[in-house]
Amino acid sequence: MRQWIALSLLWMSALLLPVSASAACESPIKFGALTWESGQFTSGVLRHIVEDGYGCTVEEVPGAGPALDTALSQNDIQVIGEQWVGRSPIMEKSIEQNKVAIIGDTLKGGATQGWYVPRYVLEENPGLRSYQDLPKYTELFKDPEDPGKSRFMNCPSGWTCEIFNTRLLKTTGLDSLFNNAHPGTGAALDAEIASAFEQHKPLLFYYWQPTGLMAKYDLAPLEFPAYEDACWQNLLLADGKMDCVSGFPVSPLGIAVSTPFVESNPELAAVFEKVQFTSDELNGAILEMSESKRTGDEQAMVFLRDNPEVWQAWLSDEAATNLATKLGLSSTDAISTKATASSINASALASSFPSWSLETPLNNALANVVQNYGDVFRTISTMALTYLLLPIERLLTVIPPWLIIAFVTVLGWFGVRKIWFALACGAGLFLIGAFGLWGALIDTLALLIVSVLVTVVIGIPIGIAMSGSKLLRKIVTPVLDIMQTMPSFVYLIPVLMLFGIGKVPALFATVIYALPPLIRLTTLGITQVNHEMVEAGRSFGSTHLQLLLWIKLPQALPSIMAGINQAVMMSLAMVVLASMIGAPGLGEDVLQSIQTLNIGQGLQAGTAIVIVAIIIDRITQAFGQGKRTRQKTIEAGRRPIG
């Protein structure tokens with residue numbers, strides 16, 4: 001009897017005792033793996049709280065934004081660490097259906113956005129304070145690609161902000177004075193802003209926070225009228241009709257959770273409600289994360305160690321103690337410096353390799369070059385635009401489309417000598433125009449023509465020189481290996497910083513990518529010329545120049561033309577990458593379709609690129625044949641069918 005009484009009392013006391021922090025969840029909690037820095041950092045903070053404070057198991061599920069939103073509505077994942085309220089139609093619908101809830105306010109004051117200039121621009125131009133003052137200061141923001149107008153740096157193609165910025169340019173009347181420049185990617189926009197600050201140059205651009213750039217540079221917003229919801233909703237429509245101007249809304253940032261998660265984990269939901277950072281804390285953490293090359297989890301660990309007074313108020317006493325212990329804090333309000341340092345360097349100590357890095361010296365060297373020689377590189381950029389890219393682009397624009405189609409059709413027949421191929425060339429170009437992509441095609445062709453011309457002018461002489469010098473081959477071949485294997489993204493940032501965003505960095509990136517095959521095939525073709533023919537030329541008293549012009553180059557022509565063919569095709573392969581650094585063309589439509597998940601737009605632009613690639617490849621291959629092979633092709637084309 002006494003045993004039953006003791007067991008009953010023990011059971012009742014267990015029910016009455018407060019639930020420990022480690023019992024806050026019953027099953028693993030799945031977080032959406034976010035790709036942007038502020039989302040990674042916030043998710044990292046939440047993960048450490050859930051795992052180290054409350055003893056729960058956390059799993060990360062990768063995916064794009066719409067895919068994660070859908071997974072959350074189905075409770076396939078339970079938490080998205082950072083949600084911009086009002087930005088996702090999928091999320092809004094899920095909230096209406098009570099499948100998802102947005103809890104907390106993770107950024108004090110909300111996420112802000114607007115049109116910015118560097119602070120020094122306002123200090124040097126006291127009359128510039130509002131968007132209405134911009135017409136008086138158009139000279140500050142001249143567009144290097146169109147000196148007759150100024151330039152406004154929009155956000156990347158396909159983002160929602162691209163639409164309302166474009167509409168604002170129109171409704172404010174500034175579209176007649178400012179070109180609407182699209183950087184292609186957020187990294188390209190950041191590079192352009194950083195370049196302007198390093199050179200103390202004026203720049204008008206759209207930007208937002210939370211971002212690390214807000215903590216690194218002093219950005220000054222231009223004044224706009226007060227936010228007006230009806231006007232703003234119309235500005236979000238690409239075909240909106242209202243002619244109004246509104247200030248930018250402040251977007252609350254919250255934590256998106258599934259409704260079943262809130263019901264089964266009320267204690268964690270209550271903690272998430274309290275999580276909040278100031279703009280300085282969040283922007284500073286993102287900047288430190290970027291410059292220190294830390295992951296979101298690593299930066300979250302550093303932040304939690306350095307700021308225990310911030311997160312103590314969010315957690316229960318027991319969870320705060322658990323988290324402090326995991327972080328290596330001697331108490332809930334003191335940091336163990338030794339523990340912090342040892343944890344941050346744990347991976348380095350665990351490795352048997354020395355810690356070597358060229359990152360900081362290279363970054364500092366690039367910054368010094370931009371600061372001291374930026375004007376020189378911008379002059380080169382202006383010359384390339386003025387004397388190469390823009391004239392060819394204007395010429396192609398002036399020529400009627402039907403004349404270009406007719407010329408390519410005739411060229412296709414003359415090269416391949418098959419009437420069906422010639423007609424297919426014309427039909428393919430007509431289809432591109434019918435898709436509404438003729439303007440993009442002209443932009444792509446202009447960049448392609450100039451890049452191939454520059455590649456030929458540089459590549460063939462280098463190939464000729466390498467064919468006659470073993471020492472030069474030993475020196476240049478490793479350089480060509482690097483050019484062919486180095487990912488283009490590695491050298492895009494320095495090119496952007498030096499030459500500015502747009503067509504010129506795309507030209508340089510394309511030339512670097514297309515040069516190696518032309519140089520290699522030129523060298524190969526000349527070195528494989530029959531030695532007896534060269535000796536015969538020498539016996540007749542030919543000079544080195546005569547041997548080159550009359551024997552070596554004609555014999556090596558098929559190989560050189562194959563190199564040109566490869567250079568053209570590799571240049572065309574760069575159109576999508578070129579769009580990522582602000583170059584217009586067919587690649588811009590592909591990039592925009594990727595960012596908006598518009599499969600129809602992507603297929604149309606992709607089909608256009610395929611058509612152009614096939615036409616150019618077949619025609620250049622035909623003209624690259626040797627004399628005998630070429631004559632056989634012509635004779636085969638003359639034979640009657642059947």
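This section describes a helix pair, a pocket, the annotated transmembrane spans and several local backbone and disulfide features of a predicted model.

Helix α21, which covers residues 438-467, packs against helix α24, residues 503-527, with axes that come within 7 Å of each other. The two axes cross at roughly 35°, and the crossing of α21 past α24 is right-handed. Nonpolar residues account for 17 of the positions in this contact, alongside 9 polar residues and 1 charged residue.

Helix α21 also contributes to the second largest pocket, which encloses about 740 Å³ of space. The lining of this pocket comprises 24 residues, and those closest to its centre are Phe407, Leu411, Leu445, Ile449 and Ile616. At least two lining residues come from each of the helices α19 (401-416), α21, α26 (544-572) and α29 (599-623). The greatest contribution is that of α21, which provides 7 residues. In composition the lining is 23 nonpolar residues and 1 polar residue, with no charged residue.

The unreviewed UniProt entry lists residues 395-414, 421-441, 447-468 and 489-516 under "transmembrane region". Two of these spans were examined in the model. Residues 447-468 are 95% helix and 0% strand, and the C-alpha atoms at the two ends of this span lie 32 Å apart. For residues 489-516, the helix content is 89% and the strand content 0%, while the end C-alpha atoms are separated by 17 Å.

Across the whole structure, 2 disulfides were found. One of them links Cys155 and Cys161, with an S to S distance of 2.1 Å. The link between Cys155 and Cys161 is right-handed, with an angle of 125° about the S-S bond.

Two backbone features were also noted in loops. Most residues other than glycine have a negative phi, and most peptide bonds are trans. Asn98, by contrast, has a positive phi, near 60°; this residue lies in the loop that runs between α4 (89-96) and β4 (100-103). The peptide bond from Gln209 to Pro210 is cis, and its omega is near 15°. Pro210 belongs to the loop between β9 (205-208) and α8 (212-216).

Methods: Residues numbered from 1 in each chain as written. Predicted model: local features only at pLDDT ≥ 70, side-chain atom pairs only at ≥ 80, totals over all residues. Heavy atoms only, no water. Axes fitted to C-alpha atoms, helices over the stretch in contact; angles between N-to-C directions. Helix = DSSP H or I, 4+ residues; strand = E, 2+ residues; numbered from the N terminus. Left-handed = near helix turned anticlockwise from the far one by under 90°. Nonpolar A, V, L, I, M, F, W, Y, C, P; charged D, E, K, R; others polar. 1 Å grid on protein atoms, 1.4 Å probe; cavity = no way out; pocket = protein on both sides within 12 Å on 5 of 7 lines; lining within 4 Å. Points joined across faces, edges and corners; volume = space filled by probe spheres on them. UniProt positions renumbered as here; feature names shortened; annotations may be inferred. Disulfide = S-S within 2.5 Å.
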